[in-house]
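Work through the exercises below with the sequence and the structure open. Each task is followed by a solution in steps.

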Amino acid sequence: MTAIPPTKVVFDTDPGVDDAMALYYALAHPGIDVVGITTTFGNVVVEQAAANALYLCALAGRHIPVAMGVSQPLQKKPEAPPGFIHGADGLGNLLMRVPTTGELDPRPAAQFIVDTVRQSPGEITLVAVGPLGNLAAALQLAPELPSLVKEVVLMGGTVLEAGNVSPVAEANIWNDPHAADAVFTAGWPLTMVGLDVTHRVILPLALFKRVADHHQHIATDTLHHAVRFYSAYYSAHDPAVGSINGCYGHDVLAFVVLTHPELFTLQAGRVRVATDGLAQGQTMMRRKEVSYPQHGWHDDIPHSQVCMAVQAQACEVAIEQTLMSAWIDI
Ligand code: RIB
Ligand code: CA
């Protein structure tokens with residue numbers, strides 16, 4: 001039997017507690033090969049996001065290139081980082097950080113993405129779980145990028161589920177709606193993992209305690225600490241989450257859809273983003289082949305694959321089993 005090679009991923013992220021969950025899931029899963037990490041503003045300022053990515057990799061004993069990216073949205077005024085959800089440091093206000101080594105790649109994130117994709121045409125999947133400025137900047141640098149990437153999977157947006165920063169908008173898209181619209185209309189194979197599915201998967205804090213108890217390692221202790229802070233926020237604000245003392249896994253599901261696509265129900269549609277006004281950040285999906293008179297919905301808008309339903313319990317099992325495996329290098 002021929003082994004299937006792992007999916008090569010450039011991970012674009014704003015760590016962030018659920019970003020940390022996603023990173024450790026990706027590092028733990030044999031089907032994923034994280035070949036680079038690019039960071040953006042979002043949950044924290046971009047310098048903190050880069051420091052967190054380096055720190056999380058170092059704790060896990062992984063030497064993965066980390067390139068720092070955009071510090072603000074393409075056009076809109078920046079929003080304040082949500083320290084009340086992720087902690088001022090993005091990792092639940094860690095009490096201390098052990099000294100680690102690891103330096104940033106000197107290239108801006110967009111250049112790193114372009115170089116990495118050009119080196120391995122057709123092989124790189126971009127998994128993006130923050131505001132989408134780095135991908136938009138990479139498209140500006142290399143307009144041919146959509147024909148060179150294998151796939152884009154992004155955590156962001158919502159179609160039927162209520163938004164989490166307004167009645168219609170999800171945070172990553174709202175943080176940089178112009179970048180998001182450029183990404184949705186670029187014409188690459190794109191899968192959207194939005195609140196329609198991430199709000200169905202509530203991960204108990206106890207799962208991360210079991211993982212930490214099992215490994216007895218600073219990497220999983222750090223993740224457990226961060227998830228405790230993050231769960232306190234979600235549990236206080238959403239009774240369904242509070243009833244199990246847990247949190248939404250959001251970003252980790254962008255990897256679970258790669259490793260376990262059978263757990264998701266996808267619908268194809270043309271997605272655009274509202275860039276201004278009260279609906280700013282709304283992801284609107286044209287689900288029917290109707291010829292609308294409104295400008296912007298023409299047939300040349302590419303299709304996205306949008307996750308509309310998920311087998312939540314099976315995702316939780318997959319996440320726990322993967323994090324429980326022997327994946328930490330030191
Ligand atoms: O809306 C959820 C998204 O916003 C996730 O990427 C999370 O990290 C937050 O930034
Ligand atoms: Ca994120």
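**Exercise 1. How many bridges join β9 to β11, and do the two run parallel or antiparallel?**

Step 1. β9 and β11 are joined by seven bridges and run antiparallel. Strands (E, at least two residues) and helices (H or I, at least four residues) are DSSP runs, numbered from the N terminus, and two strands count as paired if DSSP finds at least two bridges between them.

Step 2. Two residue pairs fix the register: Ala 268 is opposite Gln 305 in β11, and Arg 270 has His 303 of β11 as its bridge partner.

Step 3. β9 also pairs with β10, in the antiparallel sense and over four bridges. There, Val 273 is matched with Thr 283 of β10.

Step 4. β6 and β11 run parallel and share two bridges; Met 192 stands opposite Val 306 in β11.

The model is predicted: local features require pLDDT of at least 70 and side-chain atom pairs pLDDT 80 or more, while totals for chains, interfaces and linings use all residues. Residues are numbered from 1 along each chain as its sequence is written, chains are lettered from A and ligands numbered from 1 in the order written, and side-chain values use heavy atoms, without hydrogens and water.

**Exercise 2. In what order do the nine strands of the open sheet lie?**

Step 1. The order is β3-β2-β1-β4-β5-β6-β11-β9-β10, with mixed pairing.

Step 2. β3 (66-68) and β10 (283-286) are the edge strands, each pairing on one side only.

Step 3. On average, neighbouring strands are turned by 30° against each other, direction ignored.

Step 4. β1 (residues 7-13) and β2 (residues 32-39) pair in the parallel sense over seven bridges, and Val 9 has Val 34 in β2 as its bridge partner.

**Exercise 3. Which strands do helices α4 and α13 meet?**

Step 1. Helix α4 (residues 109-119) lies across β1, β2, β3 and β4 (124-128), running at about 150° to β2. Axes are lines fitted to C-alpha atoms, for helices over the stretch in contact, and angles run from 0 to 180 degrees between N-to-C directions.

Step 2. Helix α13 (residues 252-259) packs on the sheet and touches β1, β2, β4, β5 (151-155), β6 (190-193), β9 (264-273) and β11 (303-310); contact means heavy atoms within 4.5 Å. The direction of α13 makes about 140° with that of β5.

**Exercise 4. Which residues coordinate the calcium ion (ligand 2)?**

Step 1. The donors are Asp 14 (OD), Asp 19 (OD, listed twice), Val 129 (O) and Asp 251 (OD), at 2.3 to 2.7 Å. A donor is an N, O or S atom within 2.8 Å of the metal (3.2 Å for Na, K and Ca); water is not among the atoms, so sites may look incomplete.

Step 2. The spacing of the donor residues in sequence is D-x4-D-x109-V-x121-D.

Step 3. Asp 19 lies in helix α1 (residues 17-28) and Val 129 in the loop between β4 and α5 (133-141), so the pair ties together parts 110 residues apart in sequence.

**Exercise 5. Which residues come nearest to ligand 1?**

Step 1. Of the 13 residues around ligand 1 (a heavy atom within 4 Å), the nearest are Asp 18, Asn 43, Asn 164, Glu 170 and Asp 251.

Step 2. Oxygen atoms of ligand 1 lie 2.5 Å from a polar side-chain atom of Asn 43, 2.4 Å from an N or O atom in the side chain of Glu 170 and 2.5 Å from one in the side chain of Asp 251.

Step 3. The protein covers 95% of the 280 Å² of accessible area that ligand 1 has on its own (Shrake-Rupley method, 1.4 Å probe).

**Exercise 6. Where is the peptide bond that is cis?**

Step 1. The bond runs from Pro 15 to Gly 16, with omega near -10°.

Step 2. Gly 16 is in the loop between β1 and α1.

Terms used. A polar contact is a pair of N or O atoms within 3.5 Å; within protein, one must be able to donate a hydrogen and the other to accept it, and residues adjacent in sequence count only if both atoms are side-chain atoms.
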